[in-house]
Amino acid sequence: MNQRITCIASNTFREAVRDRVLYNLIAFALLLSGAAILVGQISIDIEKLVVINLGLTAVSLFGVIIAIFIGIGLVSKEIEKRTLYTVLSRPVRRWEFIIGKFFGLAGTLVVNAFFMAIGVFGALLYVAHKFQAPDGWVLVALYFIILQFLIICSLALLFSSFSSPLLSAVFAFSLFVIGTFSEDLRNFAAMATGMTKWLATAVAYIVPNFSALNIISSVAHAQPVASQLIVYNTIYALLYAGMALCGAVLIFQRRNLK
Amino acid sequence: MSAIEINGLEKTYSVGFWRKRPKCALKPLHLSVEEGEIFGFLGPNGAGKTTTLKMLMGLVFPTGGSARILGMDINDPQMKAQIGFLPEQPYFYDYLTAHELLDYYGRLSGVPGKELPPRIVKVLERVGLKDIRGVQLRKFSKGMLQRVGIAQAILHEPKIVFFDEPMSGLDPMGRREVRDLMEQLKHEGKTVFFSTHILSDAEALCDRVAVIHQGELRAVGAVAELTSGVQGKIEVVWQGTTVPASIKALGAECHVTGDTVRAVLSEESQDLALDALRRERLHMISLVPVRTTLEQYFVEKLKRSEKTAGSLA
């Protein structure tokens with residue numbers, strides 16, 4: 001990675017780290033993981049299932065909120081506050097700025113996920129007293145959650161490159177919700193006929209397939225994850241995020257910074 | 001080779017939500033700035049100064065024409081490594097300290113990491129901010145931010161520095177310091193291109209100025225050339241608080257300030273006025289022809305261009 005991208009990424013990371021709102025969200029997520037212990041204690045024999053379910057859902061949900069919350073302002077805030085003027089008047093290409101921002105936000109989310117994961121494993125250890133082999137699949141579920149973050153980051157950046165923070169938040173969150181139910185959308189498309197079928201199929205393929213990236217429930221039931229799924233999901237998430245980033249770069253390359 | 005070569009650069013925006021209509025922000029601009037000069041880009045608010053600067057910086061894309069800086073295209077990253085830019089009313093990442101901000105900009109400009117710390121210390125000292133270590137920019141006053149802005153523009157030792165309204169937000173002392181800094185930059189062989197509507201700054205600093213109004217270039221030249229028009233009047237200043245009746249009779253405009261009197265009268269009355277001062281035994285301090293100031297020239301130019309625009313409409 002070139003020095004300018006690294007520089008922009010580390011500054012984006014530093015901005016997120018110094019934002020107090022981020023700490024509130026992380027504290028809230030850790031609190032939710034802690035609450036999983038309490039809920040687990042009143043759930044006879046299914047403590048682990050409840051802890052994993054609640055803990056990973058908290059990591060995923062709060063990570064997405066942080067991704068959207070920070071991602072929507074990454075470009076628009078820089079334009080609005082005119083901080084971009086002193087960056088782009090240097091030997092920085094516009095695509096380098098977008099990629100740098102993406103890596104900065106993705107890095108922030110990976111670090112957040114790491115700390116929140118420590119909370120989940122801590123809760124797991126508290127209720128089960130020791131780790132067992134199937135607990136390793138929790139790491140795969142966390143990896144898939146990070147892949148979700150990459151997609152959300154790239155989408156937030158895409159929307160941020162042409163619209164206001166509020167609209168970007170609405171777009172990104174809508175896509176997250178629709179993407180979470182993309183499997184249902186595909187099932188609906190399979191049952192529908194005519195125009196509705198075409199439309200539902202098109203939407204199901206355009207929106208990110210977060211259903212495939214959500215294996216929290218099966219991991220909570222100690223079911224193994226097929227290695228093929230890991231490879232497919234990795235390729236899918238990287239391609240999807242890559243395409244969204246290309247879109248963001250294409251829009252931003254032509255944008256007049258009035 | 002010119003430092004900046006602008007050939008017919010123009011910008012038209014589309015305005016309106018439903019029915020887009022064109023709005024011309026800058027009519028084709030032809031301008032050339034030589035290496036090592038301080039060039040003032042003058043015009044009232046909304047004249048097109050910032051639009052021009054933004055196009056030169058690659059922030060806004062021109063709808064026509066082209067420009068070259070140091071012989072290179074305005075989007076060439078190699079060229080951008082050799083220029084510095086201070087935007088109007090700059091705002092920086094307020095969660096950073098001045099040192100962190102300059103470190104960030106230095107790295108983006110390609111300054112080697114080892115060279116950065118001493119350069120940052122030197123440049124902060126140069127803009128009068130040496131004792132601000134550890135203070136986040138959110139705690140800075142407007143004037144201090146302007147100084148940080150100037151620091152980031154000159155940190156990487158660019159060949160050309162572009163300043164958009166560099167004096168805004170500064171107190172008289174700060175303005176003086178910035179003027180001195182711009183003169184130092186010129187002595188170091190750098191080219192300074194700055195936009196302003198504070199004409200006294202331009203008059204004191206610039207080798208040449210361009211006047212722009214309603215997106216159109218109205219005049220270019222050395223300040224002395226533009227203001228060379230002698231008005232056919234003289235200004236006599238003498239010590240005292242009284243104005244002899246014979247000088248009043250010459251139709252002089254007199255102003256008493258403290259213990260000096262300043263009288264402006266026609267050139268033909270010069271000898272009669274001097275005779276009157278001798279007769280009254282008043283001590284003359286100075287006698288100079290009244291020349292057009294840059295401000296008078298500027299106001300006259302704008303009035304004329306507004307009249308032309310009005311008659312065309």
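The centres of domain 1 and domain 2 of chain B, taken over C-alpha atoms, are separated by 44 Å. Please bear in mind that we are looking at a predicted model. Domain 1 of chain B covers residues 4-226, and domain 2 covers residues 230-291. Along its principal axes, the C-alpha trace of chain B spans about 75 × 55 × 40 Å. The chain holds eleven helices and 14 strands. Of the 313 residues in chain B, 38% are buried. If we take the contacts in chain B with a separation of 6 or more, 70% of them come from residues 24 or more positions apart.

Let me turn to the strands of chain B. Four of them form an open sheet, in the order S2-S1-S4-S5, with antiparallel pairing. Which strands lie at the edges? They are strand S2, residues 21-33, and strand S5, residues 72-73, each of which pairs on one side only. Strand S1, residues 4-15 of chain B, runs antiparallel to S2(B), and ten bridges join the two. To fix the register on your screens, look for B:Thr12, whose bridge partner in S2(B) is B:Cys24. As a general remark, side chains in a regular strand alternate between the two faces of the sheet.

A second pair of strands in chain B forms a hairpin, made of S12(B) and S13(B). Strand S12 comprises residues 253-257 and strand S13 residues 260-266; the first of these is the one I wish to consider for exposure. Is strand S12 of chain B buried, or does it lie in the open? Of its five residues, the number buried is zero, so strand S12 of chain B lies largely in the open. Five bridges nevertheless join S12(B) to S13(B), and the two strands run antiparallel. Within this pairing, B:Val256 stands opposite B:Val261 of S13(B). Two residues lie between the strands of the hairpin, and B:Gly258 takes a positive phi near 60°.

I now move to the interface. Here 21 residues of chain A are in contact with 23 residues of chain B. On the chain A side, the elements that give two or more residues are helix H1, residues 3-17, and helix H5, residues 83-88. By class, that side of chain A has eight charged, seven nonpolar and six polar residues.

Within chain A, I would draw attention to one pair of helices. Helix H7, residues 136-160, packs against helix H8, residues 165-180, at an angle of about 145°, and their axes are 9 Å apart. The crossing of H7(A) and H8(A) is right-handed. Which residues of the two helices make the contact? From H7(A) they are A:Ile152, A:Leu155, A:Ala156, A:Phe159 and A:Ser160, and from H8(A) they are A:Ser168, A:Phe171, A:Ala172, A:Leu175 and A:Phe176. Sorted by class, this contact has eight nonpolar and two polar residues, and no charged ones.

My last point concerns a single residue, A:Gln253, which is placed in helix H13, residues 227-254 of chain A. Why does A:Gln253 count as partly exposed? The reason is that A:Gln253 has 13 C-beta neighbours inside 10 Å, whereas a residue is exposed at 12 or fewer and buried at 20 or more. Setting aside neighbours within four places in sequence, A:Gln253 is in contact with A:Arg94 and A:Trp95. Finally, A:Gln253 and A:Val111 are 142 residues apart along the chain, and 30 Å separate their C-alpha atoms.

Terms used: Residues numbered from 1 in each chain as written. Chains lettered and ligands numbered in written order. Predicted model: local features only at pLDDT ≥ 70, side-chain atom pairs only at ≥ 80, totals over all residues. Helix = DSSP H or I, 4+ residues; strand = E, 2+ residues; numbered from the N terminus. Pairing = 2+ DSSP bridges. Contact = placed C-beta atoms within 7 Å. Nonpolar A, V, L, I, M, F, W, Y, C, P; charged D, E, K, R; others polar. Domains from an automatic or database assignment. Axes fitted to C-alpha atoms, helices over the stretch in contact; angles between N-to-C directions. Left-handed = near helix turned anticlockwise from the far one by under 90°.
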